[in-house]
Structure formats: structure tokens, C-alpha cells
Amino acid sequence: MATNREMKLFDVLEEVREKEFSDLPATLVREILAIHVDAVRDGATLSETRKRIEANIREHGASE
Amino acid sequence: MIEFRRIEIENFGPYRGINHIDFSSRTGVWVAYGANGRGKTSLLNAFRYALYGRVEGRVGPIPVDRMVNEIAREAGEATGFRVTLDFTLGGTEEWEVTRTYEMGRSPGEALRVSKAGYVLSREAAQEAVAAVAPPELSGFFLFDAEDLRKYEMLLDQDGDAVANLRAAIERVLGIPFLMRASASVSEVNDQAMKLIAEHLKKDNHTRAAGESLAEAQGIKTQLLEERQKERSALIQLQERLTRVEEDLRQHQVSARVVAKLESERALLDQLKGQMRTATDDLKEVTPALWKVVLRSSCERVLAALESQISPLRARADAATASRHLLQKLEESDEVCPYCTQGLDAERERAVRDLLIATDISAEERASLGRLEADAKILGAMTRGEPSKVLAERARRLDEKRLDYRECQERIDELNEQLEAIGITEAEVNSRNRERNDLIIQESNLKKRIDEIEERIQGQEAAITKLRKKVQNAPNPLDPAVAELERISQGLKSLFNKTAETYRERMRKEVEVKAGEIFLAIRTEEEYKGLRINDGYGLSIVDEAGKEIPNRSAGYEHLVALALLGALQSFSPNRGPIVVDSPFGRLDPLNTERVMKALPEIANQAVLLVFEGEFDRDVAVRALQEHLVEEMQLKRISARETEIAKR
């Protein structure tokens, strides 16, 4: 369950995306932030996180 | 959200055997009263040890092995200690964290964590506790109120300590999520750039550009690795520096212990003198002690004597009066000298008869004299209250003996501390040299990291420039690589921009929330709120928005509490606070206001207060139904305390 702080983070991210980076897909952007929120909670390393992000971006590109 | 359920401590600090506190309510305030030296800081450290595996004193970390209860250790009852903290997370998930320490075991410390009924592996246990209660945020939840002064540094200071404090605040606010996201997508972007360089190298027209791009990217990767290496070296160096500084602090502690030892020894001499005086005073009344024992017998004998004396004395007095009258009659020619009436022979005879009837014999007179002398002696023996004086003087001597014994115990304790610190003057000099070397090395490493950082930025600019040159290369990029580049680049900028926007917004929210709490706890009506600076420092402002300079120590304390309250409200791990001497710097009115605002600052608050730190009646009134329990840190001996209900 997302905390108030996380909800705020996602809201600001979406606001900035919509205003200045609307070419970036909203779902992908949210997914990437969610990966980091989980990574901090699960204690994942930066390289593990990067691999997941790269896979997400590629997956997203393939689906478009 | 963390909610304490119970803490159990065994042979920890002055707490011999098992002591515990039950947190019977999910919200409220628990107050533990204790005089100096009774174990308030040790109780705070019990929470700290359970969650973070460390104990701290006012001047820095304390070696854990010093926390084994001395009496239990000397009595052979314990060779270590245990702290168990039960809490719930998110209202339902039950956790039990037990940390034990055993002297002579390697490693001395053991951690056992049970989460929702499952016992975690050793490695998972450590990570899980650190995730629930991050050590770098410990200062926001478990603290000595004296530490609140450090938040003033946020106003206008720089340096590692302030940087760490700011980083901890940003962590509570969630900013590192965005920074980590930006770093991750930047790495993905580097990966995309490497693929592009490989692609460009395949075509004769773009080979040179591809090679330059690959080279620039290679240099950047190398620089990133170098920066990582130097950062790790810096962390190691700083850890060494911390250890050296700790040794030096211990030396300062030993200087303080020596000073304290000297003053205790002087006190011991004084007490020795006072004990001598009290003993002499007692000796003075001791000779009369037998009176106490014989008093009732004397009183009985005296009563018997008085019953014999009384008729004899009456007869003797009457005879004396008659004799006196007869003598007067003989001198007055048959006229009474008192009533001037004539005296005939019959009246004169009657007087003479009375004299004969009342007169006592020589033996009786002698006996009366003896009896009266005895009665006088016995009377003196039954007068006065020697037993009361004796009891008072004996009590005074006992008091002095107790003070003496306590003083001696404190001296023994200080001697042991001094032995445990065990650092000589020569070692101090060597540590000082080592510290100075390490400080120079630290400064050089930081400069080196800054230089690498600059070179990375330069390299990034070069890569962007090279990439632009081949933007419209004739051979088309693999669409997946092109997409990877575009999206990772866009994401990097997006996360950086979001971090900037989010930081600014949260700063404002902290300012508003801290301002609300401050207004609830301040007593100076002219102080109208708080203003936050870029580094999360808070200033007090008046109605016109003008900053109040030179605030008092008490107001520093209030501003820091307001900041902590605000951070608690934004923290996903909002939890209880445990505070040592929370009101030491506050006047009674501010204390009352803080009490009232406590439920706003934290759901559960454990206050470790010294006697007289606040007016209890005022506290009860201020806290009302929020006051869950009051406890007493009860002295058993100088080295032993018990947590008792009050």
C-alpha cells in the first residue's frame, strides 16, 4: 500500500511529466519510480535496478 | 507506521535481571521518572540497541561490553545482556527484535528477528530491521533533548555533520527515490550510448565518430568507476577517522572521569570528618544511656519513696510550725501574737499537745533526710529524654555512613570506567597525529572526487556534442536502441526536474507543518511562525515576516521539536519517539505547551525525565487522557535500578 509520501512523489512526477515531458509514457515513468521505491524497501543494488529498468524500457519500446 | 508493544531488557546497564515496559495503547505518552544516574540514558539506549545495535553517551558511542550489568556480572549471574523489542508495523504485522550480547563470544552480538510469526535468517534480519528503522534516521526518533541543538546548524553551517543531517531529512521526505531513479536511467543511457557507438563504427562514414564516441564513453565509464572507488575509500577513511576521534573523545571522557574522581574523593574526606563528628555526638549521649534502661524502675522506687516521705514531711512541717508558735507564745505575755486575744492555760496546753503529737523523733528526721536525698537522686535520673536525643544522633550517623558508602561506590565505579577507557597520554598524542593525517587525506580525497565529478560532467558534454554530430547519420539506428536512447535521456531529465520540484514543494510543506506545531508550543506571542531555508534550517519570524535573531536555547529546542514533528508527519515509518530529559531547557509554560502538542508530534512518546523536570500536576492536566502510564526508575543500589510502576 502506497504511503502518503509515495502518493505525493507520484503526483509530482506525473505533474512534471505532463507539463514538460509529455512524450514520455506515463505508465513507464510510474513503473520506473515504483521499481526504485521497491528497491529501497527490498535493499536492491543499483545495478540490479538498472537491469530491471533497461528491460522495462525495451519492453515498452517493443509494445509500442 | 511502527507501534511499540513491549520492551524487555535483561542485565542491561543498571537494570539487573529482567525489566520491561508494556505499551498497552497504540497512542499516548509514557513517562519514566528517574534521578541522575538511575538509568534514563540506558533505557533510551536499550531501544537504540534493539533497533540499531549501538549505544551512545553524551559524547559519542559507548563500547557495548560496558553495558553488561556489573552486579549481575560480579555475582556470576550474567556474562552478557539482552534487549527484546516487540512492535507492530502498519498496524497488523507483528515483529519481535531480540539483540543479545555475550562477552567473550565472537561476534559478541546476535540478532534474532521474527516477522509475522516467521524467524528471518541472520542476513535478512539485519536488512529487514534496517529497512524498517533506518539507522541514519535514528536521531529523529530516539534522542537526548540536548542533541536538538544540532538542528540549528542547518541554518548557516556546512560540513559533513550538517550534510549528513540534510541527507537524513531528504531521506525522510523521499527525495533519494528520485535521485536513485535518475542515476539508474543515466546508466541505461550510457548503455544506449555504447550500443550507438558500436553501430556507428560499423559504417565507414561514421566509423571515426563512432570510435570517438566509444572512447569518450569508455573514459566516462572509467571515471565513474574511479569515482566509485574513491567514494568507497572515503567511506573507509571516514570510518577510521571516526574510530580515532572516538578514542580521543574517550580520552576527554577519562579527563572528565579523573576530575569527577577527585571531587568524589574530596567529598569522601568531608564525609569521613562528618562521620567522626556524628560518632562523637553519639558518644556524648551514650553515658546517659543506662538512664533509659532504668527509668521505669527508678520511677517505681521514687513513687514508693514519695509515699514514705509525704506523711513524715507533713508531720515535720507541722511540728516546726507548732514549735515556732510556742516560742512566740512564750515571748508574748499570755497574748496571741497573731490574733492578740488572751491565752489561757487551757489553750496553751492544746498547742503544746499538738506539738507533741506532730513532732518527729530524731531517727524519723534522719530517715526523712535519707529518703529525701534518695528521691532527689532518683528524680534527676527520671528527668529529660535521652532516648530521643540518642535516636536522632544515631540516625544522623547512619545517614553519614550511607552517604559515605554511596560515595565510595561511585569512586569504585569511576575507577572501573577509567580502567575500561585504558588510553595513555602517549597514545593520545599518536592518535592526534593520526587524526591530523586522516583529515588531510580526507580533504585530498574529497578534492579528488570533486575533480572526477568535473571531468565526468566534461565528458558528458563531450558525448552530447559527439552524438549531435552524428544525429543524422545515413545508416539508421536499430529502432530499439534509438528508443532506449530517447527514453533514457528523457527520463533522466524528468527525474532530475521532478526531484527539484518535489524538494521545493516538500520544503514548503515542512515549513507549514513545523510552523503549525511551533505556534502550538511557543509562548511568545510576537513569534508568528517559522521560515525554512534551502538547507532545511528554520528561523523564527515575527508578524512582519522579519527573522528573530539570537534565539534562546529554549527556543532552539522548540524549533527543533517542531521540525521533528513535521518530519514525523511526512515519514512513512512514522513511529514512536523516545526522548531523554525532554524539558531540561524549557520553562514551565513551554513545557506545558509541548506536553499538549506531544500527540501531534508522535503517536507514542516515551519521556525519560528527571525528578523536578516539570510540575507533575501540570503535566497530568496537559496530557489528560493521553498519559498512559507513569513509571519510576527505582534505585536498588548505586549500580542497580528497577523499572517500577508509579
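**Notebook: salt bridges, the A/B contact and strands of chain B**

I began with a pair across the two chains: the side chains of B:E509 and A:K8 form a salt bridge, 2.9 Å from N to O. I looked up where each partner sits: B:E509 is in helix 13 (residues 479-521) of chain B and A:K8 is in helix 1 of chain A, so this pair joins two chains. The model is predicted, and I kept that in mind throughout.

I then asked whether the partners are buried or exposed. B:E509 has 26% relative accessibility and counts as partly exposed. A:K8 has a relative accessible area of 27% and is also partly exposed. The cut-off for buried is under 20%, so neither residue falls in that class.

**The contact between chains A and B**

I looked for another bridge between the chains and noted A:E15 with B:R505, whose side chains meet at 2.7 Å, N to O. How many salt bridges are there between chain A and chain B? I found 4 salt bridges. For polar contacts, I noted 7 residue pairs between chain A and chain B, counting pairs with both residues at pLDDT 80 or more.

I next checked which elements of chain A face chain B. Helix 1 (4-20), helix 2 (26-42) and helix 3 (46-63) of chain A are the elements that give two or more residues to that side. Helix 2 of chain A gives the most, with 10 residues. By residue class, the side of chain A that touches chain B has 17 nonpolar, 6 polar and 12 charged residues.

I also took down the extent of the contact. Chain A puts in 35 residues and chain B puts in 35 residues. The accessible area lost when parts come together is often used to give the size of an interface. Here chain A and chain B bury about 3,200 Å² between them, and 71% of that is on carbon and sulfur atoms.

**Salt bridges within chain B**

Over all chains I have 54 salt bridges. I picked a few that lie in chain B.

The side chains of B:E56 and B:R54 meet in a salt bridge of 2.7 Å, N to O. B:E56 is partly exposed at 23% relative accessibility, and B:R54 is partly exposed at 27%.

B:R401 and B:D398 form a salt bridge at 3.9 Å, N to O. The cut-off is within 4 Å, so I counted this pair. How are the two residues placed along their helix? They are 3 residues apart in helix 11 (residues 386-421) of chain B, so about one helical turn separates them. B:R401 is partly exposed with a relative accessible area of 42%, and B:D398 is partly exposed at 46%.

I also noted a network of salt bridges that links B:R6, B:E8, B:E10, B:D22 and B:R82.

**Strands and overall make-up of chain B**

I counted 16 helices and 16 strands in chain B. I followed strand 15 (residues 627-637), which pairs with strand 3 (residues 28-33) in the parallel sense over 5 bridges. In strand 15 of chain B, B:E630 stands opposite B:V31.

Strand 15 of chain B also pairs with strand 16 (residues 640-645), in the antiparallel sense over 6 bridges. B:K634 stands opposite B:E642 in strand 16. Strand 15 and strand 16 of chain B form a hairpin, with 2 residues between them.

Last, I looked at chain B as a whole. Of its 646 residues, 44% are buried. Among contacts in chain B between residues at least 6 apart in sequence, 73% join residues at least 24 apart.

Terms used
Residues are numbered from 1 along each chain as its sequence is written. Chains are lettered from A and ligands numbered from 1 in the order in which they are written. This is a predicted model: local features need pLDDT of at least 70, side-chain atom pairs count only at pLDDT 80 or more; totals for chains, interfaces and linings use all residues. Side-chain values use heavy atoms; hydrogens and water are left out. Contact means heavy atoms within 4.5 Å. Buried area is the accessible area (1.4 Å probe) that two parts lose on being put together, summed over both. A polar contact is a pair of N or O atoms within 3.5 Å; within protein, one must be able to donate a hydrogen and the other to accept it, and residues adjacent in sequence count only if both atoms are side-chain atoms. Helices (H or I, at least four residues) and strands (E, at least two) are DSSP runs, numbered from the N terminus. Ala, Val, Leu, Ile, Met, Phe, Trp, Tyr, Cys and Pro count as nonpolar, Asp, Glu, Lys and Arg as charged, and the others, Gly among them, as polar. Two strands pair if DSSP finds at least two bridges between them. Buried means under 20% relative accessible area, exposed over 50%, partly exposed in between (1.4 Å probe, protein chains only).
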